[in-house]
Amino acid sequence: MNDCIFCKIVRGELPCYKIYEDNETLAFLDRNPVNPGHTLLIPKKHSETILDTNDETLKKLITTTKKISKAIFESMKLEGFNIGINQFKIAGQVVPHLHIHIMPRHKNDGIKLWPSREYESEKEKNNVQKKITRLLK
Ligand code: AMP
Ligand code: ZN
């Protein structure tokens, strides 16, 4: 993708603070971190979300996420970390090139997770379960 900023980083047309690279993936520091060490891991080949990314690449991304997380966890002396992927604009995806956030966490760092709610009824819960599982048979 010509005008994709993460493709430009892959091609070396934009700078990044590189953390890791192999044939299929690249990891670099997020320029606006939730905490120092916040890293983005991307596939080098452009895709927008996990839905249009091939399974082999996804497997590689998750094993590389583990490798990088371990290095960040140990080097930055973390007490925990979050892994997140925003998928599509409505869910907060700003850069339309798949990227996995590895976000360092510390005690009392003030970062809040997403809010939760109750299902309105057992019926609603059953319907949702049916709707999803129908496509997984
Ligand atoms: P998302 O909202 O999941 O699409 O996250 C996009 C992330 O990319 C944000 O956390 C930005 O801070 C980060 N970001 C955008 N442009 C760059 C860049 N050129 N170098 C490093 N991080 C970037
Ligand atoms: Zn791209």
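## A guided tour from Ile9 to the zinc site

Start by selecting Ile9: at 12% relative accessibility, this residue counts as buried, because buried means under 20% relative accessible area. What you have open is a predicted model, so treat each stop as a look at a prediction.

**Stop 1: around Ile9**

Ile9 is found in helix 1. Which residues does Ile9 touch, once residues up to four places away in sequence are set aside? Show Leu14, Pro15, Cys16, Leu26 and Phe28, and you have them. Keep Leu26 in mind, since we will meet that residue again in the sheet.

Now add Lys137 to the selection. Between Ile9 and Lys137 there are 40 Å in space, C-alpha to C-alpha, and the two are 128 residues apart in sequence.

**Stop 2: the whole chain**

Zoom out and switch to a cartoon view. You should find three helices and five strands in the chain. Following the sequence, their pattern reads α-β-β-β-α-β-β-α. The C-alpha trace spans about 50 × 40 × 25 Å along its principal axes. If you colour by accessibility, buried residues account for 31% of the 137 residues. Contacts tell another part of the story: among those between residues at least 6 apart in sequence, 52% join residues at least 24 apart.

**Stop 3: the sheet**

Select the strands next. In what order do the five strands lie in the sheet? They form an open sheet in the order 1-2-3-5-4, with antiparallel pairing. At its edges are strand 1 (18-21) and strand 4 (80-84), each of which pairs on one side only. Turn the view a little to look for the twist, which averages 15° from one strand to the next.

Then walk across part of the sheet, pair by pair:

- Strand 1 and strand 2 (residues 25-29) run antiparallel and are joined by three bridges. Pick out Tyr20, which stands opposite Ala27 in strand 2.
- Strand 2 and strand 3 also run antiparallel, with five bridges between them. Here is Leu26 once more, standing opposite Ile42 in strand 3.
- Strand 3 pairs with strand 5 in the antiparallel sense over three bridges. Look for Leu40, whose bridge partner in strand 5 is His101.

Bring helix 2 back into view. Helix 2 packs on the sheet and touches strand 1, strand 2, strand 3, strand 4 and strand 5 (100-105). The direction of helix 2 makes about 160° with that of strand 3.

**Stop 4: inside strand 3**

Stay with strand 3 and show its side chains. Is strand 3 largely enclosed or left open by the rest of the structure? Five of its five residues are buried, so strand 3 is largely enclosed. In a regular strand, side chains alternate between the two faces of the sheet. With that in mind, look at one side of strand 3 for Thr39, Leu41 and Pro43, and at the other for Leu40 and Ile42. These residues are all buried, and both faces of the strand are covered.

**Stop 5: Asn35 in its loop**

Move to Asn35, in the loop between strand 2 and strand 3. Asn35 counts as buried, because its relative accessibility is 12%. Show its side chain and look for two partners. The side chain reaches the backbone oxygen of Pro104 at 2.9 Å, and a polar contact of 3.1 Å joins it to the side chain of Asp109. Leaving aside neighbours within four places in sequence, the residues in contact with Asn35 are Pro104, Arg105, His106, Asp109 and Ile111.

**Stop 6: the zinc ion**

For the last stop, select the zinc ion (ligand 2). Which protein atoms are its donors? They are the SG atoms of Cys4 and Cys7 and the ND1 atoms of His46 and His97, lying 2.0 to 2.3 Å from the ion. Why is the arrangement tetrahedral? The four donor atoms subtend angles of 104 to 117° around the zinc ion, which makes it tetrahedral.

Trace the donors along the chain and you will find the spacing C-x2-C-x38-H-x50-H. Cys7 and His46 link distant parts of the chain, as they are 39 residues apart. Cys7 sits in helix 1 (residues 5-10), while His46 is in the loop between strand 3 (39-43) and helix 2 (55-75).

Finish by comparing how accessible these two donors are. Cys7 is buried, with a relative accessible area of 5%, whereas His46 is partly exposed at 23%.

Technical notes
Residues numbered from 1 in each chain as written. Chains lettered and ligands numbered in written order. Predicted model: local features only at pLDDT ≥ 70, side-chain atom pairs only at ≥ 80, totals over all residues. Heavy atoms only, no water. Donors = N, O, S within 2.8 Å, 3.2 Å for Na, K, Ca; no water. Tetrahedral: all angles 85-135°; square planar, octahedral: opposite > 155°, others 65-115°. Helix = DSSP H or I, 4+ residues; strand = E, 2+ residues; numbered from the N terminus. Buried < 20%, exposed > 50% of the residue type's maximum accessible area, 1.4 Å probe, protein only. Pairing = 2+ DSSP bridges. Axes fitted to C-alpha atoms, helices over the stretch in contact; angles between N-to-C directions. Contact = heavy atoms within 4.5 Å. Polar contact = N/O pair within 3.5 Å; in protein donor to acceptor, adjacent residues only side chain to side chain.
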